[in-house]
Structure formats: structure tokens, C-alpha cells
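Me: Please take a close look at a single part of this structure and set it in the context of its surroundings. A formal, connected account would be appreciated.

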Amino acid sequence: MSIRQISVFVENKQGSLVKITDVLAKENIDLRAMSIADTQDFGILRLIVSDTDKALEVLRKENCIATVTPVVGARLRNEPGALATVVKVLSDSGINMEYMYAFNGATPHHAYMVLRVDNNEKVEELLAASGIKSITEAQVGEI
């Protein structure tokens, strides 16, 4: 039930991010979440979008280096301590997170987390046992 994240190699120079966001906007692809990690020379832009297949197609047409990574999307109550619960569940189970980032949806009652872990299925089971729902790729398009 994991969702697909697009990772794009981005040269760390003026205008690089504009090219990527502009081409997605022109194709009516909505950015649901994004994170960028950079070094002096390049960055990795991580995206959750409304249409993953179409985004990959248009990015690759623009000669962007883009890959897909399955990640866990989790829906949390938008309240203090919700993230602490997720982190504790994973820590208590010996799960290491490579990275995580968050985004909000249209409703004020929920926040969403994107988690990169070694075993998506196990993490989804652990979260479900703690009352935390995972989101599907179809749901991402509706958020």
C-alpha cells in the first residue's frame, strides 16, 4: 500500500528548481509534498504529486534524472503528540527511518507524513496496530 515518491537530481544553481516546478505546473500536476536536500553542487528533490506517472514522463522529457521510491504515507491527527506517537512506535520496534517529511491536506484535522524506511509493509502494520492509517496513492490525489 506504499505510495510512490519521485526523486529528482537537481543541479544547485539558479533556475534549476524553476524548470522542474514550471514543467509540472504546465501539465497540471499538483505538488502534494516536497522536500529538498542539497549539497554545494547538487540536491535531491523529493516529490509526492497528484499524478506520478505523468510527472515522471514530463520530467524525463525535460532530461531530468528522476527515479521512483516507494515510501509510507501516514495520516495523523493534527494535534500535539501525534508525530511523537509515530516515532515511538517505530523506535520501540527497532525501525530506522532514513528520512521523513510532512504535509497538510485540505482538512484541518489531519496532517500527513512521508516516511522512508527499510520495510514499508512492516511499518504500515505497526502503524495500523497503533491506530494510525496509511494512505494510498489514490488517496494522495484526493488530499
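Reply: In this predicted model, the buried residues of helix H1 pack against strand E1, strand E2 (31–38), strand E3 and helix H2. The helix itself offers a convenient starting point. Within H1, the buried positions are Ser16, Ile20, Val23 and Leu24. Viewed down the axis of H1, these buried residues fall within an arc of 100°, so they line one face of the helix. On the other side of H1, Val18, Ala25 and Lys26 are exposed. Just after the helix, Asn28 adopts a positive phi of about 60°.

The buried face leads to the core. The largest nonpolar core holds 16 residues, and those touching the most other members are Ile6, Val8, Ile20, Leu24, Leu47 and Leu59. Two of these names, Ile20 and Leu24, are also among the buried residues of H1. At least two residues of this core come from each of E1, H1 (16–26), E3 and H2 (52–61). The greatest contribution is that of H2, which supplies four residues.

Ile6 shows how these parts meet. With its neighbours within four places in sequence set aside, Ile6 is in contact with Leu45, Arg46, Leu47, Val49, Thr52, Ala55, Leu56, Leu59, Ala66 and Thr67. Apart from the core to which Ile6 belongs lies another, of 14 residues, including Val72, Ala74, Val86 and Leu127.

The aromatic residues add a further set of links. There are three aromatic pairs in the model. In one of them, the ring centres of Phe9 and Phe42 are 5.1 Å apart and the planes stand at 25°, so the pair is stacked. Phe9 belongs to strand E1 (residues 3–11) and Phe42 to strand E3 (residues 42–49), so this pair ties together parts that are 33 residues apart in sequence. Both rings come from partly exposed residues: Phe9 has a relative accessible area of 39%, and Phe42 one of 33%.

For Tyr99 and Tyr101, the ring centres lie 6.5 Å apart with the planes at 20°, so this pair is stacked as well. Tyr99 and Tyr101 are both buried, whereas Phe9 is partly exposed. The ring of Tyr99 also has a charged partner, as the charged end of Arg46 sits over it, 3.8 Å from its centre. Arg46 is in addition one of the residues in contact with Ile6.

Definitions and conventions. Residues are numbered from 1 along each chain as its sequence is written. This is a predicted model: local features need pLDDT of at least 70, side-chain atom pairs count only at pLDDT 80 or more; totals for chains, interfaces and linings use all residues. Side-chain values use heavy atoms; hydrogens and water are left out. Rings of Phe, Tyr and Trp (its six-membered ring) pair if their centres lie within 6.5 Å; planes under 30 degrees apart count as stacked, over 60 as edge-to-face and the rest as tilted. Buried means under 20% relative accessible area, exposed over 50%, partly exposed in between (1.4 Å probe, protein chains only). A charge sits over a ring if NZ of Lys or CZ of Arg is within 6 Å of the ring centre and within 35 degrees of the ring normal. A nonpolar core is a set of buried Ala, Val, Leu, Ile, Met, Phe, Trp, Tyr and Cys residues joined through side-chain atoms within 4.5 Å. Contact means heavy atoms within 4.5 Å. The arc is that of the directions from the helix axis to the C-beta atoms.
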